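Student: I'd like a close look at one part of this protein, the part where the aromatic rings pair up. Could you walk me through it and then show me what surrounds it?

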Amino acid sequence: MIFFTSCDKFSFSKTDKNQPLDTIVNFSSVDTFPSFSICDSIIDKTKKETCFRTTIHQQIGEELKQHTFIIKDSINEIVYVDLIINAIGEFKLDAIESSNKIKTELPKLDSLLKASVKKLPKIYPAIKRGIPVTIKYRLPIRIQIKE
């Protein structure tokens, strides 16, 4: 006995109908920005974001000011530190982007930045559609050192 059926009833390729979830959300597309405890009472979204940015810059800046750097030439450059803030509010250093001049003049800067990030306090994570999400944040740090 032979059965005739349409070929479209059979699926020979494996197609997943579920969309994969993004694991890292763009910082600017979240509903609520990550928040330090001192910023949590602020309601306005832009003021809360400003508070977050100011606080994180102050925390890293204070940590770096505790160290003395000896250099040959003056430096006035920006180092970019990419941070991952996970869904439970913990920081993780993702990458450090700096010029060759910074790398040669300040070889210990990378390790100091790693230590500074580890000392950052736990924060309230970013929220997207009512769910805590992991985000990536690029922290620009201006390095200005004169001879």
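Tutor: Here is a walk from the ring pairs outwards to the rest of the chain.

A quick word on ground rules. This is a predicted model, in which local features need pLDDT of at least 70 and side-chain atom pairs count only at pLDDT 80 or more, while totals for chains, interfaces and linings use all residues. Residues are numbered from 1 along each chain as its sequence is written, and side-chain values use heavy atoms, with hydrogens and water left out.

Let's get our bearings. The protein has 3 helices and 6 strands, and from the N terminus on they run β-α-β-β-α-α-β-β-β. Helices (H or I, at least four residues) and strands (E, at least two) are DSSP runs, numbered from the N terminus.

Now the rings. The structure holds 3 aromatic pairs. Rings of Phe, Tyr and Trp (its six-membered ring) pair if their centres lie within 6.5 Å; planes under 30 degrees apart count as stacked, over 60 as edge-to-face and the rest as tilted. Take Phe36 and Phe52: their ring centres are 5.6 Å apart and their planes are at 20°, so this pair is stacked. Phe36 sits in the loop between strand E1 (25–26) and helix H1 (45–65), and Phe52 sits in helix H1, so the pair ties together parts that are 16 residues apart in sequence.

Are these two rings buried or exposed? Phe36 is buried, with a relative accessible area of 4%, and Phe52 is buried too, at 0% relative accessibility. Buried means under 20% relative accessible area, exposed over 50%, and partly exposed in between (1.4 Å probe, protein chains only).

Phe52 also pairs with Tyr137, and this time the pair is edge-to-face, at 5.3 Å centre to centre with 75° between the planes. That pair links distant parts of the chain, since Phe52 is in helix H1 and Tyr137 is in strand E6 (residues 135–145), 85 residues apart. Both Phe52 and Tyr137 are buried. Put together, ring pairs link Phe36, Phe52, Phe91 and Tyr137 into a cluster.

Stay with that loop and helix a moment, as they share another link. A search of the whole structure finds 1 disulfide (a pair of cysteine sulfur atoms within 2.5 Å). Cys39 and Cys51 form it, with their sulfur atoms 1.9 Å apart, and at -75° about the S-S bond the link is left-handed. Cys39 is in the loop between E1 and H1 and Cys51 is in helix H1, 12 residues apart. Cys39 and Cys51 are both buried.

Helix H1 also holds Lys48, which counts as buried at 12% relative accessibility. Contact means heavy atoms within 4.5 Å. Not counting residues up to four places away in sequence, Lys48 touches Thr32, Ser35, Cys39, Asp40 and Ile42, and Cys39 is the disulfide partner of Cys51.

Next, step out to the core. In soluble globular proteins, nonpolar side chains tend to be buried together. A nonpolar core here is a set of buried Ala, Val, Leu, Ile, Met, Phe, Trp, Tyr and Cys residues joined through side-chain atoms within 4.5 Å. The largest one has 33 residues, and Ile56, Leu83, Phe91 and Ile143 touch the most other members. H1, strand E2 (75–85), strand E3 (91–97), helix H3 (109–118) and E6 each supply at least two residues of this core, with the largest share, 6 residues, coming from E6. Leaving aside neighbours within four places in sequence, Ile143 is in contact with Ile75, Asn76, Glu77, Val79, Ile102, Leu106 and Leu109.

For contrast, try two loop residues. Glu90, in the loop between E2 and E3, is partly exposed at 38% relative accessibility. Glu90 and Lys122 are 32 residues apart in sequence and 5.3 Å apart in space, C-alpha to C-alpha. Arg129 lies in the loop between strand E4 (126–128) and strand E5 (131–133) and is exposed, with a relative accessible area of 71%. Its phi is near 55°, a positive value in a residue other than glycine.

Finally, the whole chain. Of its 147 residues, 33% count as buried. Residues 24 or more positions apart account for 75% of the contacts with a separation of 6 or more.
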